[in-house]
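Biologist: Got a minute to go through this one with me? I'd like to start with helix packing and then jump around a bit.

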Amino acid sequence: MKLKKMLTVGAAVFGLGLFAAQAQAADKVKLEFWTMNLAPKFDPYFKQAVTKFNAANPTLEAVWVDMNWDQIQPKLIASLAAGNPPALVNFNVPWVHEFAAQGNIIPLDQYLGADKAIYSTQALADVTVKGKVYAFPWYNSVSILAYNKTIFDKAGVKVDQLKSFDALLAAAKQINEKTGVDGFAPKMSDPIGMFYYLGLPVVENGKAVFNSPKHVAAVQKFADLYKAGAIPKDIFKMAFEQEIAAYNSGKIAMMTTAPQALKRTETDAKAVYDVTGVAQFPLDAGKMSFGAWMMDFVVPKGFKNPADAAKLGKFLTGDEQQLLFAKATETTFPTTKKANLDPYFQAGANSKDPIEQARAVAAKAMDGARTLTLTPGTLTDEAAATKVLADNFQAAVEGRKPVKEALDAAVAVWNTKIAK
Amino acid sequence: MKNSSSYTAVAYLFLAPALILMGIFTFWPVGYNTYLAFHDYAIADGTATWNNFEHFKYIYHEDLFHSALKNSLLYLLVVPCIQLAALVIAKLVNNKLPGMTFFRATYYIPVITAISVAGVAWAFVYKYDGMLNGFLTWVSHFIGYHSGFERVEIDWIGNPDIAIYSVMVFTFWKGLGYYMVLYLAGLQAIPTEVEEAAILDGANAWDRFWKITVPMVKPTILLCTLLSTIAAMKAFQEVIVLTKGQSDTYTALFYVYDQAFRNYNFGRAAAAGLVVTFFCMILAIIQFRFFGDKK
């Protein structure tokens, strides 16, 4: 009997407590924001951001959730279906276009208002779909050019002459002729990105157009370079890691990569690091910095308080927080105009240390940072189409197929797979 | 006295744990895959809409799938090689000589090595300035074929004419020990008297191998051939770690993977997977005809 009484009282107390807690929580709007692959390394950054935001907005409660990049989409889709999406989700640029086309994220123009002006023009252009901005631009990165001064001296190449992509290719050839070392190892796995960088279109008016004389001439340059031996023979097998290894061992004279790769040179190959200079990767006809990949925040459709979500979005991607985040990562860059001019980035411009130099060079190049990819949904079978293009591109560069023939073959396949 | 029906019940009871697991992890996925192959599956809301044989029609006309399937079938070349080598090695390490355990263990090490780790190591072997070319350069200098700074520069996994064979060699190396152990078990089940009698009758080692060993391990040969055929048709991991499908090494399961996880077209991936299963079954039937017991 006693036990029963105790249980009744206990349950009542528990219920009351639960009710009180819920009532308190109900006062605040919970703003869950999802990021990809940033925990636990950046826990301190997000802790301060959340504390600061919550203190400044007593009626809102920001909650940070980090997950692996490949979980973001399935989880978001599940939460959309269940009707309880988070306030903000960390997306890359292609996803923004994909979800905007599906109507699963909302346009943010009305919430951005005059604050639109704080972001760089290119960053806004990346996340603009049919004239509407669909995401808050966040962090970004670009490739820089690190070069081995000793090899440059031997080959008689001056860094000032690397003002265009053609000049870069010519330098690679010259380096190879004079020193026997490969010039550089441009990333060949993504011909589409290469075309965009060179200012060449890929699909126009529902047709693949990358077999024009201009495209053929561009690919022919790579084929000539390959034939001359000025780029590594296994260039198509080289990714981030292999490029750093080749540069560190003196097998290539230039490294085209994100500034953080220089940290590896510093620790793994001090001798090479000591003779390393840094320059901006030249812009080409595409007028875009090489190797950009922007991150951003979107507001899923169906979130009940979009204005509050936007408030958090603007806070996280504002000058102050972007600068703090860039300082925490040391290798990424803000997408707001003001933050990139901060002394933190520019202090290294005249430094002797390649990493500090690289930071200054890359921050300056952020103006041209565009993340251009094929608009999602252009192709009905993207995996197969990109594979066919990559294979033909490789065959052309390696000299197993005439360039025109290879590009024609890929265009023919693409035209059967372009969504009507 | 228990009657036969209660024996059956008990038997099923003992089978139940394994059957339940197989049901969940094998039969259900196979069934669901078959269901998906005839549907358009929308990942967003999890709905599947019937679309008849559309996916099969698509892959029937898809050149990339044809070349992928051709590569998977070509991969079957590894089966006879690996079976013969595994049987011969099993026979060799089945001797009671000192140090045999060492050899058995050595051949088995690749089996337990993670494929990603082995792949990185083999990529170094196959690089055009890697270990294999280094060794061949040394040999060619030794026999006087090359001189001075000339080097052997074969792009083992970059040249589309030979890349798939290089990947097969990797599979061969990786799987040899596994089949060796299975054959070893089969060999140890052969009574020694049979072999002794043959020796007394004057049969030489060659005859004994073909007339005694091979017929007596026939059930093991069937098992191993089946397993390695299925493994060859399913070649994917070795390709992704060594060549990422470049240089004409794109296999049928790589196509399935690309369709599912790059295109998110699970219906088409399921259809392509079903076609691979179909080929596996045909090959299994052929093998049962060849090596199975005739009743």
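Biologist: Is the crossing of helix 8 of chain B and helix 11 of chain B left-handed or right-handed?
Modeller: Right-handed. Keep in mind that this is a predicted model.

Biologist: At what angle do those axes cross?
Modeller: Roughly 165 degrees, and the axes of helix 8 (residues 163-188) and helix 11 of chain B come within 10 Å. Angles over 145 degrees count as roughly antiparallel. So helix 8 of chain B is roughly antiparallel to helix 11 of chain B.

Biologist: Which residues make the contact?
Modeller: From helix 8 of chain B, Gly175(B), Tyr179(B), Leu182(B), Tyr183(B) and Gly186(B). Helix 11 of chain B brings Thr220(B), Leu223(B), Cys224(B), Ser228(B) and Ala231(B).

Biologist: And by class, how many of each?
Modeller: Six nonpolar and four polar. There are no charged residues in the contact of helix 8 with helix 11 of chain B.

Biologist: What about helix 11 of chain B and helix 14 of chain B, what's the angle there?
Modeller: About 165 degrees, with the axes 10 Å apart. Helix 11 spans residues 218-233 and helix 14 spans residues 266-291 of chain B. That angle makes helix 11 of chain B roughly antiparallel to helix 14 of chain B. The crossing of these two is right-handed.

Biologist: Which residues of helix 11 of chain B meet helix 14 of chain B?
Modeller: Lys218(B), Ile221(B), Leu222(B), Thr225(B), Leu226(B), Thr229(B), Ile230(B) and Met233(B). In helix 14 of chain B they meet residues including Val276(B), Phe279(B), Leu283(B) and Phe291(B). By class, that contact has 11 nonpolar residues, three polar and one charged.

Biologist: Switching to chain A. What order do the strands take in the open sheet of three?
Modeller: The order is 10-7-11 in chain A, with antiparallel pairing. Strand 10 (254-257) and strand 11 (276-280) of chain A are the edge strands, each pairing on one side only. On average, neighbouring strands of this sheet are turned by 25 degrees against each other, direction ignored.

Biologist: How many bridges join strand 7 of chain A and strand 10 of chain A?
Modeller: Four, in the antiparallel sense. Strand 7 of chain A covers residues 144-148. One bridge pairs Ala146(A) with Met255(A) in strand 10 of chain A.

Biologist: Which strands does helix 18 of chain A lie across?
Modeller: Strand 7 and strand 11 of chain A. Helix 18 of chain A (residues 354-365) runs at about 5 degrees to strand 11 of chain A.

Biologist: Backbone oddities next. Is the peptide bond from Ala39(A) to Pro40(A) cis or trans?
Modeller: Cis, with omega near 0 degrees. Pro40(A) sits in the loop between strand 1 (29-36) and helix 2 (43-56) of chain A. The loop between strand 1 and helix 2 of chain A also holds Asn37(A). Asn37(A) is not a glycine, yet has a positive phi of about 55 degrees.

Biologist: Into which domains is chain B divided?
Modeller: Domain 1 (1-28) and domain 2 (58-291). Their C-alpha centres lie 36 Å apart.

Biologist: Last one. How many residues does each chain give to the contact of chain A with chain B?
Modeller: Chain B gives 14 residues and chain A gives 13. The chain B side has four nonpolar, four polar and six charged residues.

Note on methods: Residues numbered from 1 in each chain as written. Chains lettered and ligands numbered in written order. Predicted model: local features only at pLDDT ≥ 70, side-chain atom pairs only at ≥ 80, totals over all residues. Contact = placed C-beta atoms within 7 Å. Nonpolar A, V, L, I, M, F, W, Y, C, P; charged D, E, K, R; others polar. Domains from an automatic or database assignment. Pairing = 2+ DSSP bridges. Axes fitted to C-alpha atoms, helices over the stretch in contact; angles between N-to-C directions. Parallel < 35°, antiparallel > 145°, perpendicular 65-115°, else oblique. Left-handed = near helix turned anticlockwise from the far one by under 90°.
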